[in-house]
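Visitor: I am new to this kind of picture. Could you show me how to read it, one feature at a time?

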Amino acid sequence: MADKKKVRVRIAPSPTGLLHVGTARTALFNYLFAKKNNGDFILRIEDTDKERSEKKYEEDIVESLKWLGLAWDEGPVRQSERTEVYKKYLEKLLEGGHAYWCFCTKDDLEAQRESQMTNGHAPKYSGHCREVSLDEAEKRLGSGKDAVLRFKVQEKEILVKDVVRGKVQFDTSLLGDFVIAKSFDEPLYNFAAVIDDHEMNITHVIRGEDHLANTPKQILIQEALGFDRSEYAHLPLILAPDKSKLSKRVGDLDATIQSLKKHGYMPEAVLNFLLLLGWNPGDEKEAFSLEESVKKFDFKKVQKGGAIFNEEKLNWFNSHYIREADIGRLANMAKEFVPKEFADSSMFEKALEIERERMKWLTDFEELAGLFFKLPDYPASKLKWKTSDVKTAGKHLEKVLGIMEESLGNGLEGRVMEYADAEGRGDVLWPLRVALSGQEKSPGPFEIIEVIGREEAIGRVKEAIKKISK
RNA sequence: GCUCCUAUCGUCUAGUUGGUCAGGACGCCACUCUCUCAAGGUGGAAACACCGGUUCGAAUCCGGUUGGGAGCGCCA
């Protein structure tokens with residue numbers, strides 16, 4: 001049958017920290033590839049390390065992925081709940097002579113590693129326990145000796161066909177017998193990942209380049225177990241501005257999704273930014289919704305070199321999406337970042353609509369929009385237009401006040417503008433706007449009136465006139 | 001040290017089979033719009049790491065050099 005296997009990919013983070021932006025991008029590319037091919041995207045929690053894994057981090061992974069909108073089709077599957085599965089294969093490997101018990105102590109291994117390094121060799125396990133027979137090993141185990149399971153590495157050349165990198169060759173004689181489990185109940189990453197990818201019918205392993213060196217080890221295990229080899233795609237790394245692997249912080253941001261969320265970034269901005277880090281659509285379009293990305297995505301356009309995390313560009317995407325977003329949706333997101341009295345106010349959405357084009361982050365709203373809710377205190381001198389004086393400002397304000405009091409319904413803006421055009425826009429509009437906002441920089445006077453209402457506006461103008469006459 | 005990966009503006013990148021004023025975006029600068037700010041519009045500065053080859057012609061093909069990164073765990 002020539003039927004192609006259904007595409008199945010996975011994102012497999014370990015819950016040892018908050019979801020990293022690098023992991024998020026890997027998740028995105030997995031998601032895009034899966035959806036593009038009508039395949040499945042699976043979430044697998046790699047929590048075999050009991051000491052370092054924490055439930056709260058798993059929760060963060062789930063929450064962050066949801067926030068980004070990267071919906072998975074299966075999972076979360078936890079490796080910690082699959083020890084029986086791994087045990088079965090561990091036994092099989094042991095029986096087949098592909099693995100053996102190793103009784104070497106950590107100290108011995110450490111000393112070995114160091115001497116190898118100083119002698120200019122790649123650190124590699126000596127194979128010391130390789131010849132210990134299974135009977136003998138079990139005897140020692142029975143007498144309470146500590147041991148780990150090592151994989152017997154067959155020395156050979158392995159050619160990996162990587163979707164983004166092309167052919168990559170490895171010499172496994174450099175590897176040394178690596179540890180695949182601390183015990184029957186404690187499998188380690190390279191082993192557990194292979195078992196799961198097989199059992200879950202993963203067709204394409206899409207992951208960060210930092211895993212490239214693990215690939216030959218995993219292929220060796222696959223071969224020993226008679227598994228099919230999956231397709232591999234190793235994504236370039238996201239780099240910090242100093243070109244090192246992006247680990248902890250970028251500016252005052254943590255390199256985690258949670259940190260981005262807290263700083264007032266929109267999920268679509270983060271996604272769009274991550275999408276263009278190491279991938280390009282082949283044309284000059286830059287703004288992509290998740291749906292559009294799915295249609296456009298292609299591994300041929302994935303970059304090979306690492307990409308620096310450019311905060312400025314992320315910021316640009318963010319302000320772009322703040323301006324573009326559906327106002328109701330934006331309001332919902334912005335509510336988390338403003339005082340309750342703002343969020344509950346009937347002015348909230350109108351104010352947001354006006355201030356959104358000035359916002360770089362959702363967190364900007366509170367400061368920008370404060371003037372709507374409470375007129376800031378300001379000195380009378382601020383009402384003076386640059387080519388004029390305070391007294392003239394007062395005169396114009398009196399006149400505008402008159403117009404405002406007369407214009408009950410519409411027509412206010414037209415009439416004020418008519419007056420302003422006659423008297424000089426700056427002379428009229430500047431004092432008006434400062435009277436309404438109390439600030440040198442603000443939205444236009446009519447926008448402010450639209451938000452705070454005519455009555456409040458009249459009050460503020462009267463206050464300005466009072467300030468001047470004092 | 002060893003193995004692997006990688007190399008176009010400051011940054012993200014376009015550049016299918018060699019011929020482009022080396023294109024776009026972010027950022028930066030100028031101008032413009034404008035009562036201010038922001039947004040918008042227009043324009044500008046800004047790159048093929050280096051050295052050799054192959055060729056009439058190389059960012060593109062080949063070789064080397066240098067730089068950068070990752071990995072080398074009883075972490076993932």
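Guide: Below we go through the RNA surface, a helix, some strands and a loop residue. Keep in mind that this is a predicted model.

Visitor: Which residues come nearest to RNA strand B?

Guide: There are 63 residues around RNA strand B, and those that come nearest are Glu-46, Gly-120, Lys-245, Gly-305 and Gly-444.

Visitor: How do the residues of that surface divide into nonpolar, polar and charged?

Guide: The surface near RNA strand B has 24 nonpolar, 16 polar and 23 charged residues. Several elements supply at least two residues each, including helix H4 (106–118), strand E7 (166–171) and helix H11 (311–324). The largest share, 5 residues, comes from H18.

Visitor: Let us look at H18, then. Is H18 largely enclosed or open?

Guide: Here we count buried residues. In H18, 11 of the 13 residues are buried, so the rest of the structure largely encloses this helix. Among the buried ones are Trp-430, Pro-431 and Arg-433. The buried residues of H18 pack against five helices: helix H15 (365–373), helix H16 (390–406), helix H17 (412–423), helix H19 (445–452) and helix H20 (454–469).

Visitor: What span should H18 have, and how far apart are its ends?

Guide: A helix can be checked with simple arithmetic. At 1.5 Å a residue, the 13 residues of H18 should span 18 Å, and the end C-alpha atoms are 17 Å apart, which agrees. Just after H18 comes Gly-438, with a positive phi of about 70°.

Visitor: Now the strands. How do strands pair in a sheet?

Guide: Strands of a sheet pair through backbone hydrogen bonds, in either a parallel or an antiparallel way. For a parallel case, take strand E10 (residues 204–208) and strand E11 (residues 231–235), which are joined by 5 bridges. Arg-207 stands opposite His-234 in E11. The chain gets from E10 to E11 through helix H7 (residues 215–225), and this β-α-β crossover is right-handed. E10 is mostly covered, with 4 of its 5 residues buried.

Visitor: How many residues of H7 are buried?

Guide: In H7, 8 of the 11 residues are buried, so to speak of it as mostly covered is fair. Thr-215, Ile-219 and Ala-224 are among the buried ones. The buried residues of H7 pack against several elements, including helix H3 (83–95), strand E6 (157–162) and E11. Just after H7, Gly-226 takes a positive phi of about 75°.

Visitor: And where is the antiparallel case?

Guide: Look for the open sheet of 4 strands in the order E4-E5-E8-E9, where the pairing is antiparallel. Its edge strands, strand E4 (99–102) and strand E9 (186–187), each pair on one side only. Strand E5 (residues 148–151) pairs with E8 over 2 bridges, and Leu-149 has Ala-181 in E8 as its bridge partner.

Visitor: Finally, a single residue in a loop. Is Tyr-125 buried or exposed?

Guide: Here the neighbours decide. Tyr-125 has 20 C-beta neighbours inside 10 Å, and therefore counts as buried. Tyr-125 lies in the loop between H4 and helix H5 (134–142).

Visitor: Which residues is Tyr-125 in contact with, leaving aside its neighbours within four places in sequence?

Guide: Those contacts are Arg-150, Gly-176 and Asp-177. As for distance along the chain, Tyr-125 and Leu-109 are 16 residues apart, while their C-alpha atoms are separated by 7.5 Å.

Terms used:
Residues numbered from 1 in each chain as written. Chains lettered and ligands numbered in written order. Predicted model: local features only at pLDDT ≥ 70, side-chain atom pairs only at ≥ 80, totals over all residues. Near = placed C-beta within 6 Å. Nonpolar A, V, L, I, M, F, W, Y, C, P; charged D, E, K, R; others polar. Buried ≥ 20, exposed ≤ 12 C-beta atoms within 10 Å, placed from the backbone. Pairing = 2+ DSSP bridges. Right-handed = clockwise from strand over helix to strand, strands pointing away. Expected span 1.5 Å × (residues − 1). Contact = placed C-beta atoms within 7 Å.
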